[in-house]
Amino acid sequence: MEREDPLERRAREAAEKKEKQSANLGLQIATGVLAVIAIALGIVLWTMNSRSSTLKKELEAEKQELEANIVELQDTLSKITSNYESINLQLDTSRQQVAELIDKLKHTQATNRAKIRQYEGELGTLRSIMRNYLVQIDSLNTANQKLKAEVTEVRKEADETRRANQQLTRKLEDAEAKVSAGSVLKARGIRLEAYSESKRPTDRSSRTVRLLTTLSLIENAIITPGPVTVYIRVTDPMGNLLTNARSTGFTCKGQAMTASASREVDYEGAELTVSIYLNDIPEYTKGVYTVEAYTTGGTLGKAELMLK
């Protein structure tokens with residue numbers, strides 16, 4: 001075997017050593033680079049984890065704030081009261097929607113940003129609806145207050161009108177009563193006298209052949225002028241009604257009566273003296289005779305006569 005030249009061997013060993021040193025240096029460099037990369041990756045991962053944790057906390061806080069706002073809206077809706085059925089039905093619907101929104105939010109992850117944004121939009125819509133309810137209720141309440149005030153005013157006016165009508169009615173009734181009272185024919189100076197056969201006054205029953213009743217119808221401009229019949233009822237001392245063949249019946253204020261005698265006169269509203277004779281009575285006795293004068297409208301008065 002041929003021996004290797006010492007110089008070549010040294011040169012080869014030197015080259016191998018140099019090559020080995022170069023390889024070791026490369027390995028050291030590669031190891032250093034890998035270490036730097038690993039550190040960098042670690043820093044990046046730590047940063048990402050830190051940011052992820054922070055973002056998760058922020059999202060969770062945002063979700064909690066959203067839930068608190070929805071609960072606040074739920075509480076506000078529960079306190080809104082209305083006297084209007086249509087609004088009450090709408091309020092019930094909105095309360096149900098809010099309850100469903102709270103339930104959906106509880107079952108949604110804070111990291112689901114799309115859903116969170118959707119729920120925020122729904123919350124905004126429900127708030128707008130709630131404000132609209134308040135505006136409607138306030139508007140209706142204002143209208144109702146105005147209507148109540150108008151109704152009160154109308155009732156007040158109606159009461160005043162009714163009172164005025166009642167007063168007017170009373171005045172009319174009073175006037176009618178006065179007219180009615182004034183329309184009643186009245187008389188004065190009623191006298192009952194006895195006459196003898198010689199047509200002279202007498203107070204002797206034995207001489208009496210006829211009785212004369214005289215009275216004056218009082219002046220009355222209210223009464224409609226026209227014929228008026230005056231009736232007399234004469235009773236003897238025993239209270240018996242004196243009648244003859246010409247005696248007649250009449251009605252006074254709805255009551256049927258019998259007259260001893262009567263006379264129709266033309267009454268024109270001025271004072272008028274009326275004389276009525278009672279004839280053909282077979283006999284007169286001693287005692288007090290009474291005459292009562294009537295028209296169909298009422299009593300005119302009465303008088304007495306003492307026969308001896």
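Here are some short exercises, each with a worked solution, on the predicted model shown above.

**Exercise 1. Which pattern of helices and strands does the protein follow along the sequence?**

Solution.
- Begin with the parts: the protein has three helices and 10 strands.
- Then read along the sequence, where the pattern is α-α-α-β-β-β-β-β-β-β-β-β-β.
- Now look at how the chain contacts itself: among contacts with a separation of 6 or more, 67% join residues 24 or more positions apart.
- Last, turn to the surface. The protein exposes about 21300 Å², with carbon and sulfur atoms supplying 52% of it, and buried residues make up 27% of the 308 residues.

**Exercise 2. In what order do the four strands of the open sheet stand, and is the pairing parallel or antiparallel?**

Solution.
- The order is E2-E1-E3-E8, and the pairing is antiparallel.
- Strand E2 (201-202) and strand E8 (272-278) are at the edges; each has a single partner strand, so one side of each lacks a neighbour in the sheet.
- Go through the pairs one at a time. Strand E1 (residues 187-195) and E2 pair over two bridges, and alanine 194 has threonine 202 in E2 as its bridge partner.
- E1 and E3 pair over seven bridges; here arginine 188 is matched with serine 216 in E3.
- E3 and E8 also pair over seven bridges, with threonine 214 standing opposite serine 275 in E8.
- A general point helps to picture this: strands of a sheet pair through backbone hydrogen bonds.

**Exercise 3. Which residues of the largest nonpolar core touch the most other members?**

Solution.
- This core has 29 residues, and the ones that touch the most other members are Leu211, Leu215, Leu217 and Leu242.
- Next, find where the core residues come from. The elements giving two or more residues are E1, strand E3 (210-217), strand E4 (226-235), E7, E8, strand E9 (287-295) and strand E10 (298-307).
- Apart from this core lies another, of 19 residues, including Ile70, Ile102, Leu105 and Leu123.
- Now zoom in on E3, which is mostly covered: seven of its eight residues are buried.
- Leucine 211 shows what such surroundings look like. Beyond residues up to four places away in sequence, its contacts include Leu192, Ala194, Val234, Leu242, Ile276 and Leu305.
- As a general rule, nonpolar side chains in soluble globular proteins tend to be buried together.

**Exercise 4. Is serine 260 buried or exposed?**

Solution.
- Locate serine 260 in the loop between strand E6 (255-259) and strand E7 (261-267).
- Check its relative accessibility, which is 1%. The cut-off for buried is under 20%, so serine 260 counts as buried.
- Look for a polar partner: the side chain of serine 260 reaches the backbone nitrogen of valine 234 at 3.0 Å.
- Then list its other surroundings. Leaving out residues up to four places away in sequence, serine 260 touches Ile232, Arg233, Val234, Leu241, Leu242, Asn244, Ser247 and Leu278.

**Exercise 5. Which parts of the protein does the pair of arginine 246 and aspartate 280 tie together?**

Solution.
- First confirm the link: the two side chains meet in a salt bridge, at 2.9 Å from N to O.
- Arginine 246 lies in the loop between E4 and strand E5 (248-252), and aspartate 280 in the loop between E8 and E9, so the pair ties together parts that are 34 residues apart in sequence.
- Arginine 246 is exposed, at a relative accessible area of 55%.

**Exercise 6. How many salt bridges does the structure hold?**

Solution.
- The structure holds 11 salt bridges, so let us follow two more of them.
- Glutamate 120 and arginine 117 form one at 3.4 Å, N to O. They are three residues apart in helix H3 (residues 113-182), which means that about one helical turn separates them.
- Glutamate 120 counts as partly exposed at 30% relative accessibility, and so does arginine 117 at 37%.
- Salt bridges that share partners join Glu62, Arg117 and Glu120 into one network.
- Arginine 191 and glutamate 193 form another, with their closest N and O atoms 2.7 Å apart. Arginine 191 is partly exposed at 46% relative accessibility, whereas glutamate 193 is buried at 18%.

Technical notes:
Residues numbered from 1 in each chain as written. Predicted model: local features only at pLDDT ≥ 70, side-chain atom pairs only at ≥ 80, totals over all residues. Heavy atoms only, no water. Buried < 20%, exposed > 50% of the residue type's maximum accessible area, 1.4 Å probe, protein only. Polar contact = N/O pair within 3.5 Å; in protein donor to acceptor, adjacent residues only side chain to side chain. Contact = heavy atoms within 4.5 Å. Areas by Shrake-Rupley, 256 points an atom, 1.4 Å probe, with all protein chains shown as cover. Pairing = 2+ DSSP bridges. Core = buried A, V, L, I, M, F, W, Y, C linked by side-chain atoms within 4.5 Å. Salt bridge = Lys/Arg side-chain N within 4 Å of Asp/Glu carboxyl O.
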